[in-house]
Amino acid sequence: MIHFLIELPTWLLIRTSGILSYLTLFVGMAIGIAYSFPQFKGHRKGQLLRWHTHANLTGMGFALLHTVLLIIDTFMPFDWAEILIPFSAQNNPVLTGLGTIAMYGLLLVLFTTDIRNKLKRKVWLALHMLSYPIFALSMLHGIFLGTDSKQGWAAAMYIATAIILVGLTLVRFQMSSRKRQVKVGHTKPL
Ligand code: HEM
């Protein structure tokens, strides 16, 4: 068993699971933002919510795999303390610390969504909005720590995902402010 683990191409798997975690979390974010668009109603909305949940849980799964593999890796091994305590790693403490904080943030968002019915909506929403900085941290972590960031495809991936998320967020803000204006217009006294 130990022999099998040592023989694994861990470095390749660490990088692949990091990228897959980032991409699935991106899909989860994009669906989460699009969920509030007025075009989506009823059955479609329910389907979007399921995909949003699946993508986020898959992203968490890949992030866990990504970190557990760092323990097995023989080239640049991490111990549990370096992974669990932010900024305590010997190599790249700041950039790996951002990964650890992103991981804790992700766990917090997933857990509070699980117990959503027990929380006030305002509290749940405030915690859920932490997804934006959490995703930004995982992006900075990936860009500045990843070996693959030097490759054209990885740079294109980071740029495209950032543009799509910023674009969707702007559209969402525009739609909700238009909705508010329409509501105010309807209730204005004559
Ligand atoms: C939400 C959690 C996380 C996400 C989404 C994530 C994502 C990523 C991504 C996208 C890369 C770039 C891979 C590449 O360029 O091929 C990466 C690299 C890396 N991550 Fe994470 N990460 C997370 C958590 C962590 C944690 C907690 C640690 C350890 C404390 C960690 C340690 C590393 C290391 C050492 C690398 C460099 C691998 C290499 O040599 O390219 N990551 N991560």
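**Exercise 1. Is H66 buried or exposed, judged by its relative accessible area?**

*Solution.* This is a predicted model, in which local features need pLDDT of at least 70 and side-chain atom pairs count only at pLDDT 80 or more, while totals for chains, interfaces and linings use all residues. Residues are numbered from 1 along each chain as its sequence is written, and side-chain values use heavy atoms, with hydrogens and water left out.

- Step 1. Recall the scale: buried is under 20% relative accessible area, exposed is over 50%, and partly exposed is in between (1.4 Å probe, protein chains only).
- Step 2. H66 has a relative accessible area of 18%, so H66 is buried.
- Step 3. Try H141 in the same way: with 16%, H141 is buried too.

**Exercise 2. Which residues coordinate the iron atom of the ligand, and why is the arrangement octahedral?**

*Solution.* Find the iron atom in the structure and work outwards.

- Step 1. H66 and H141 each coordinate the iron atom through NE2, at 2.0 Å. Donors here are N, O and S atoms within 2.8 Å of the metal (3.2 Å for Na, K and Ca); water is not among the atoms, so sites may look incomplete.
- Step 2. Place the two histidines on the chain: H66 belongs to helix α3 (residues 42-72) and H141 to helix α7 (residues 131-145). The pair links distant parts of the chain, 75 residues apart. (Helices are DSSP runs of H or I with at least four residues, strands are runs of E with at least two, and both are numbered from the N terminus.)
- Step 3. Check the angles: the six donor atoms around the iron subtend 86 to 178°, so the arrangement is octahedral. (Six donors count as octahedral if opposite donors are over 155 degrees apart and all others between 65 and 115.)

**Exercise 3. How many aromatic pairs does the structure hold?**

*Solution.* Let's look at the rings.

- Step 1. There are two aromatic pairs. (Rings of Phe, Tyr and Trp, the last by its six-membered ring, pair if their centres lie within 6.5 Å; planes under 30 degrees apart are stacked, over 60 edge-to-face and the rest tilted.)
- Step 2. Take Y22 and F135: the ring centres are 5.0 Å apart and the planes stand at 25°, so this pair is stacked. Y22 sits in helix α2 and F135 in helix α7, 113 residues apart. Both Y22 and F135 are buried.
- Step 3. Now take Y22 and Y158: the centres are 5.2 Å apart and the planes stand at 65°, so this pair is edge-to-face. Because Y22 is in helix α2 and Y158 in helix α8, the pair ties together parts that are 136 residues apart in sequence.
- Step 4. Add accessibility: Y22 counts as buried because its value is 4%, and Y158 because its value is 8%.
- Step 5. Join the pairs: Y22, F135 and Y158 form a cluster linked by ring pairs.

**Exercise 4. Which residues lie nearest the centre of the largest pocket?**

*Solution.* Go from the pocket to its walls.

- Step 1. The largest pocket has a volume of about 930 Å³. (On a 1 Å grid over the protein atoms alone, a pocket is an open set of points with protein on both sides within 12 Å along at least five of seven lines; lining residues have an atom within 4 Å of a point.)
- Step 2. Of its 44 lining residues, I14, H66, L70, H141 and L145 lie nearest the centre. Recall that H66 and H141 coordinate the iron atom of the ligand.
- Step 3. Helices that each give at least two residues to this lining include α2 (10-34), α5 (93-114) and α8 (152-187).
- Step 4. Sort the lining by class: 25 residues are nonpolar, 15 polar and four charged. (Ala, Val, Leu, Ile, Met, Phe, Trp, Tyr, Cys and Pro are nonpolar, Asp, Glu, Lys and Arg charged, and the others, Gly among them, polar.)

**Exercise 5. Where is F87 found?**

*Solution.*

- Step 1. F87 is in the loop between α4 and α5, and N92 is placed in that loop as well.
- Step 2. Read the backbone: phi is near 65° for F87, a positive value in a residue other than glycine. For N92, also not a glycine, phi is positive and near 45°.
- Step 3. Classify the accessibility: F87 is partly exposed because its value is 43%, and N92 because its value is 40%.

**Exercise 6. How many helices and strands has the chain?**

*Solution.*

- Step 1. The chain has eight helices and zero strands.
- Step 2. Its C-alpha trace spans about 75 × 40 × 30 Å along the principal axes.
- Step 3. Of the 190 residues in the chain, 32% are buried.

Terms used: Four donors count as tetrahedral if all angles lie between 85 and 135 degrees; four count as square planar and six as octahedral if opposite donors are over 155 degrees apart and all others between 65 and 115; anything else is irregular. On a 1 Å grid over the protein atoms alone, a cavity is a set of points where a 1.4 Å probe fits but cannot get out, and a pocket is an open set with protein on both sides within 12 Å along at least five of seven lines; lining residues have an atom within 4 Å of a point. Grid points are joined across faces, edges and corners, and a volume is the space filled by probe spheres set on the points.
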